[in-house]
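Here are some notes for a colleague who is opening this structure for the first time. Please read them with the sequence and the model side by side.

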Amino acid sequence: MNQRTLGQGLRVSELGLGCMGMSEFYGATNETESIATIHRALELGIDFLDTADIYGPFTNEQLVGRAIRDRRDRVVLATKFGNHRNAQGQSLGIRGDPEYVRQACDASLQRLGVDHIDLYYQHRVDSKVPIEETVGAMAELVRAGKVRHLGLSEAAPETIRRAHATHPITALQTEYSLWTRDVEENDVLSTVRELGIGFVAYSPLGRGFLTGRFKTFDDLPADDFRRRNPRFLGENFGRNLDLVHEVERLASAKGVTPGQLALAWVLSRGDDVVPIPGTKHVKYLEENVAATRVELSTDELARLDAALPVGAATGTRYTDMTLVHR
């Protein structure tokens with residue numbers, strides 16, 4: 001697998017692995033299969049693993065920690081703090097105060113069973129705390145050797161600039177896919193490129209929708225959080241399914257799966273962009289990895305741009321959009 005460079009010289013595999021669904025949000029989970037998926041990812045050259053304290057909550061970090069216990073030196077480990085939940089899963093809001101930053105980091109280190117975190121993100125920006133205070137506390141973790149690199153998630157351009165002036169930011173993690181292209185028009189992507197910050201694209205498969213696996217709303221598991229996502233509700237589902245049909249048509253002409261075409265498109269956006277598709281199954285992981293070998297011509301890229309331009313998807317990507325791009 002090829003490598004890509006994020007900010008501050010951090011080298012990672014060109015494709016990462018999002019581990020969230022191994023513990024929560026996307027229906028039934030199986031720890032044995034999940035750990036096998038992580039191990040297979042490492043075998044295939046993926047070294048960039050993404051988790052967060054909120055996933056589970058807390059249990060995903062523990063799972064990832066068990067999976068990498070005897071192979072820590074092969075992993076660039078990323079986790080996040082800021083979405084505050086209790087052990088019962090209840091949301092307690094967003095926190096970015098220095099005391100919480102320190103507490104959250106120590107708790108993540110313990111759950112992961114490691115002595116340092118390679119990339120530590122603020123998961124969501126706390127509008128009640130100046131970003132300088134939050135990043136200042138994160139910088140203390142770097143000086144203490146607990147964290148190697150700092151990241152932000154879903155931050156607005158001005159916030160990114162202020163954070164980067166406080167301490168160099170290595171990566172911004174934000175949703176980016178064929179049906180989520182707002183970072184191309186709201187100056188987020190241009191800002192991180194100006195500052196030399198890498199871009200980590202989460203949900204590059206449109207929360208699985210762009211793979212073509214879901215033809216009706218009832219195809220979603222009963223306990224799947226996508227059942228509450230505006231893009232999957234009511235008339236929005238059908239309208240967005242029309243976009244998927246376009247991806248399927250273009251993928252068929254290319255001789256690849258819709259998911260591989262969608263991932264190849266994200267990979268084509270620049271060597272500073274690293275998608276982290278999530279999966280808990282080895283077969284889907286292997287399909288995703290094969291996307292790194294798909295090359296798109298100028299004509300094929302133009303066809304995709306025409307079929308799924310900026311703003312093509314119907315419905316917001318979260319129920320509450322006030323928590324992103326702060």
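**Notes on helix α2, the chain and a pocket**

1. In helix α2, the residues that count as buried are N60, E61, L63, V64, G65, A67 and I68. Please keep in mind that this is a predicted model.

2. These buried positions amount to 7 of the 10 residues of α2, which runs over residues 59-68, so the helix is largely enclosed by the rest of the structure. Among the elements that cover the buried residues of α2 are the helices α1 (31-43) and α3 (98-112), together with the strands β4 (48-50) and β5 (76-81).

3. Turning to the whole chain, its secondary structure comprises 10 helices and 12 strands. Its radius of gyration is 19 Å, close to the 20 Å that the globule rule gives for 326 residues, and the chain is therefore as compact as a globular protein of that length. Taken along the principal axes, the box filled by the C-alpha atoms is roughly 55 × 40 × 40 Å.

4. Of the 326 residues in the chain, 59% are buried, and the chain exposes about 13000 Å², of which carbon and sulfur atoms supply 48%. Among contacts with a separation of 6 or more, 75% are between residues 24 or more positions apart.

5. Finally, the second largest pocket holds about 210 Å³ of space, and its lining consists of N2, R4, E14, A264, L267, S268, A291, T292, V294, E295 and L296. By residue class, this lining of the second largest pocket divides into 5 nonpolar, 3 polar and 3 charged residues.

How values were computed. Residues numbered from 1 in each chain as written. Predicted model: local features only at pLDDT ≥ 70, side-chain atom pairs only at ≥ 80, totals over all residues. Heavy atoms only, no water. 1 Å grid on protein atoms, 1.4 Å probe; cavity = no way out; pocket = protein on both sides within 12 Å on 5 of 7 lines; lining within 4 Å. Points joined across faces, edges and corners; volume = space filled by probe spheres on them. Nonpolar A, V, L, I, M, F, W, Y, C, P; charged D, E, K, R; others polar. Helix = DSSP H or I, 4+ residues; strand = E, 2+ residues; numbered from the N terminus. Rg over C-alpha atoms; globule rule 2.2 N^0.38 Å. Buried < 20%, exposed > 50% of the residue type's maximum accessible area, 1.4 Å probe, protein only. Contact = heavy atoms within 4.5 Å. Areas by Shrake-Rupley, 256 points an atom, 1.4 Å probe, with all protein chains shown as cover.
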